[in-house]
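Student: I should like to look closely at one part of this model, the surface where protein meets DNA. Could you describe that part and then place it in the whole?

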There are 2 protein chains.
Amino acid sequence: MVNKRELFQILTRRLGLLNKNCCDYKSLDISLVQSHILYEIRRQDYPSIQQVAETLGFDITTFSRQIQTLVRKRLVSKVQAPEDKRVYLLSLTDKGFLVEEQIDKKLNTYLDEIFSHLSPEEQKKVIDAATLLNRAMLESDTCCLPPL
Amino acid sequence: MVNKRELFQILTRRLGLLNKNCCDYKSLDISLVQSHILYEIRRQDYPSIQQVAETLGFDITTFSRQIQTLVRKRLVSKVQAPEDKRVYLLSLTDKGFLVEEQIDKKLNTYLDEIFSHLSPEEQKKVIDAATLLNRAMLESDTCCLPPL
DNA sequence: TAATATATTTGTATTTTGCAAGTACTTGTT
DNA sequence: AACAAGTACTTGCAAAATACAAATATATTA
């Protein structure tokens with residue numbers, strides 16, 4: 001039997017590096033964490049700060065400040081929710097959307113390059129397996145959640 | 001066709017969270033980064049500081065300090081190489097080895113739990129695909145390397 | 001209305017990070 | 001041999017990230 005930790009440690013690290021290199025745009029001054037935040041705000045429909053922080057497994061106080069930074073950079077817009085004024089709803093500004101799109105394109109290009117080293121059948125296998133694994137992690141209740 | 005970025009963004013994040021939660025032992029005062037360093041030192045044979053920093057895609061100055069911290073914690077031993085006194089060779093102390101082993105066990109337990117949500121065939125598919133993907137990333141020369 | 005709960009922010013202290021510059025040692029060139 | 005250039009690592013410094021505790025603002029409940 002394969003050593004799972006070995007396998008996934010390397011995989012996780014490489015995927016992490018991929019993200020880091022792709023999205024750590026010096027020119028845009030976007031950190032890896034910030035690129036994850038942009039991604040998640042784009043995906044969710046006007047999420048609250050807490051919602052995004054939870055999704056990303058982040059401490060909320062750190063998160064609050066990260067959002068402030070992104071708002072200052074005019075990448076994220078933060079509006080008080082009319083139905084509950086404690087909550088602030090997040091969305092991407094036009095500029096934020098463009099940046100996110102740019103990162104998305106770049107990452108897809110990198111992924112395509114990686115996939116070009118695989119045969120079409122292998123590519124399908126990897127896609128299917130990633131989907132399976134995602135599902136399994138979602139079903140697991142001990143893993144992949146924010147720290148206790 | 002699936003959106004690869006979407007798929008892998010989630011996968012990467014979940015795997016990252018898995019690592020974070022597993023290894024961020026409050027009691028031991030080990031950070032995620034430090035657990036990666038312990039892993040890599042265990043895996044390599046008396047690597048130099050530079051070697052490990054490169055493997056992990058880390059800035060060497062940050063790394064130098066992280067090693068100092070681990071040495072202070074008596075988890076890592078750092079010895080000047082006799083054949084080239086500029087180089088310092090790293091290895092785990094007994095204590096460091098025990099900590100690494102503990103993290104390794106915990107991570108494998110978590111991974112087993114995730115895999116328990118898959119059928120035996122699915123498990124094999126995931127393992128095979130992860131191996132394929134690792135290979136493809138290794139073959140790629142544009143991805144997964146330390147930043148330019 | 002008071003007490004309690006929730007979402008977010010701020011105060012503060014610590015840690016991490018990375019650039020530039022430094023030290024220590026080695027290798028190559030003349 | 002001597003000295004220039006290169007390599008491995010460290011340190012100074014300043015900025016950013018982080019997290020705990022406490023504060024603020026609003027909502028809900030008793």
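**The DNA-facing surface**

Tutor: A side-chain N or O atom of Gln68(A) lies 3.5 Å from a phosphate oxygen of DNA strand C. This is a polar contact, that is, a pair of N or O atoms within 3.5 Å; within protein, one must be able to donate a hydrogen and the other to accept it, and residues adjacent in sequence count only if both atoms are side-chain atoms. The model is predicted: local features need pLDDT of at least 70, side-chain atom pairs count only at pLDDT 80 or more, and totals for chains, interfaces and linings use all residues, while side-chain values use heavy atoms, with hydrogens and water left out. Residues are numbered from 1 along each chain as its sequence is written, and chains are lettered from A and ligands numbered from 1 in the order in which they are written.

Strand C has further contacts of this kind. A polar backbone atom of Tyr88(A) is 3.1 Å from a phosphate oxygen of DNA strand C. Thr61(B), by contrast, places a polar side-chain atom 3.2 Å from a base nitrogen of DNA strand C. Altogether 21 residues surround this strand, and those that come nearest are Gln50(A), Ser64(A), Arg65(A), Lys78(A) and Arg65(B). Of the atoms of DNA strand C that come within 4 Å of the protein, 62% belong to sugar and phosphate. A residue counts as near a strand if one of its heavy atoms lies within 4 Å of it.

Helix H3 (49-56) and H4 of chain A, together with H4 of chain B, each give at least two residues to the surface near DNA strand C. Helices here are DSSP runs (H or I, at least four residues), and strands are runs of E (at least two), numbered from the N terminus. The surface near DNA strand C divides into 4 nonpolar, 9 polar and 8 charged residues. In this division Ala, Val, Leu, Ile, Met, Phe, Trp, Tyr, Cys and Pro are nonpolar, Asp, Glu, Lys and Arg are charged, and the others, Gly among them, are polar.

Next comes DNA strand D. It is surrounded by 21 residues, the closest being Arg65(A), Gln50(B), Ser64(B), Arg65(B) and Lys78(B). Helix H4 (60-72) of chain A, with helix H3 (49-56) and helix H4 (60-72) of chain B, each supply at least two residues of the surface near this strand. A side-chain N or O atom of Gln66(A) is 3.4 Å from a phosphate oxygen of DNA strand D. For Gln68(B), too, a side-chain N or O atom is 3.4 Å from a phosphate oxygen of DNA strand D. Ile49(B) instead uses a polar backbone atom, 3.4 Å from a phosphate oxygen of that strand.

How are the two protein chains arranged? A rotation of 180 degrees with 0.0 Å of shift along its axis places chain A on chain B with an RMSD of 0.1 Å. The two copies are thus related as by a two-fold rotation axis. The superposition is by least squares on the C-alpha atoms of residues with pLDDT of at least 70 in both copies. Moreover, 100% of the interface residues of chain A are also interface residues in chain B, so the copies meet through the same surface; contact means heavy atoms within 4.5 Å.
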